[in-house]
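Colleague: Before I rely on any of these labels, I would like to hear the reasoning behind them, with each value set against its cut-off.

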Amino acid sequence: MADFRNVPSSFFMFCTNNFPNKLSIPLAFGNQYKKFLRQPYLELKTESGRSWMVKARKMSKKWFFTDGWSRFATDNQLKLFNLLTFRISGQSALHVSIFRNGCCKEVPSPPPSAPADDEGGSAKTWRFIRKLMDHNISNLRMDIPKTFVTATGIKAKQNIELENEQGRRWTVSVTDRNIKVFALTAGWVNFVRGNNFQAGQILLFEFVRNSGNVVKVVVVENEAGKELLARARKGGLLK
């Protein structure tokens, strides 16, 4: 049996073949860090200060970055033969450096005055998670946390863009229902029907600084979703 005890907590990969849709992870790293890769989602962080949520999956005895990877590739303008280095930098985070033509690709830094997020530090990404209930579909609205609205700067009566995993967008209004609760209202039903959402599905909403008014929405698998919901109740995610 192969001995992976000396495998470092980092690896590199070139963008080849089907890299816009998924990226393979070295087998040695996958075998050494199975528990790390099997987490519901991993956070990829770059020098820009931004972060992306991606899923690692094992397919045909190989590990790949899949769900969320295409958005990372698009946002970072990855090209064929770009070199990426990955280093574990937290319990569920990887620091990613992007190289092109032998040099680290320059990316803009976040504004120095960025406010602090719910987990401390310079705010980059804000998230909340919701399990779809019958009333979210029949009442044509989805309540969202006031903390999310306040942190992101989204205002009542402002339109935002909800983006699904395929990059399609729907315009949805934000309404102030009362002092503690905001809601996604006009346009929400179009988003639900356009994605064939059903009661019981778990959605992860993510707003990234400097992305305009776009909120990305990812469908989380049932078991992973339950874990994320539990983390949210403990303060791991915006409630």
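The questions below go through several labels one at a time.

Modeller: Please keep in mind that this is a predicted model. As a background to the details, the chain has 7 helices and 16 strands, and buried residues make up 44% of its 239 residues.

Colleague: What makes arginine 50 and aspartate 75 a salt bridge?

Modeller: The label requires a side-chain nitrogen of Lys or Arg within 4 Å of a carboxyl oxygen of Asp or Glu. The side chains of arginine 50 and aspartate 75 meet at 3.4 Å, N to O, and because that cut-off is 4 Å, the pair qualifies. Arginine 50 lies in the loop between β3 (42-45) and β4 (51-54), while aspartate 75 belongs to helix α3 (residues 69-75), so this salt bridge ties together parts that are 25 residues apart in sequence.

Colleague: Why is aspartate 75 called partly exposed?

Modeller: Buried means under 20% relative accessible area and exposed means over 50%. Aspartate 75 has 24% relative accessibility, and therefore it counts as partly exposed.

Colleague: How do you know that aspartate 75 and arginine 71 are separated by about one helical turn?

Modeller: The two residues are 4 apart in helix α3, and that spacing is why the separation is put at about one helical turn. Their side chains also meet in a salt bridge, at 3.2 Å from N to O.

Colleague: Which of the two labels, buried or partly exposed, does glutamate 163 receive, and which does arginine 169 receive?

Modeller: With 3% relative accessibility, glutamate 163 counts as buried, since the limit for that label is under 20%. Arginine 169, at 47% relative accessibility, counts as partly exposed. These two residues form a salt bridge in which the closest N and O atoms are 2.7 Å apart. Salt bridges that share partners join Arg50, Arg71, Asp75, Glu163, Arg169 and Lys216 into one network, and a search of the whole structure finds 7 salt bridges.

Colleague: What makes β5 and β6 a pair of strands?

Modeller: Pairing calls for at least two DSSP bridges between the strands, and 4 bridges join β5 (residues 56-59) to β6 (residues 62-65), so the condition is met. The two strands run antiparallel, with alanine 56 standing opposite phenylalanine 65 in β6. Their hairpin has 2 residues between the strands, and serine 60 takes a positive phi near 55° there.

Key:
Residues numbered from 1 in each chain as written. Predicted model: local features only at pLDDT ≥ 70, side-chain atom pairs only at ≥ 80, totals over all residues. Heavy atoms only, no water. Buried < 20%, exposed > 50% of the residue type's maximum accessible area, 1.4 Å probe, protein only.
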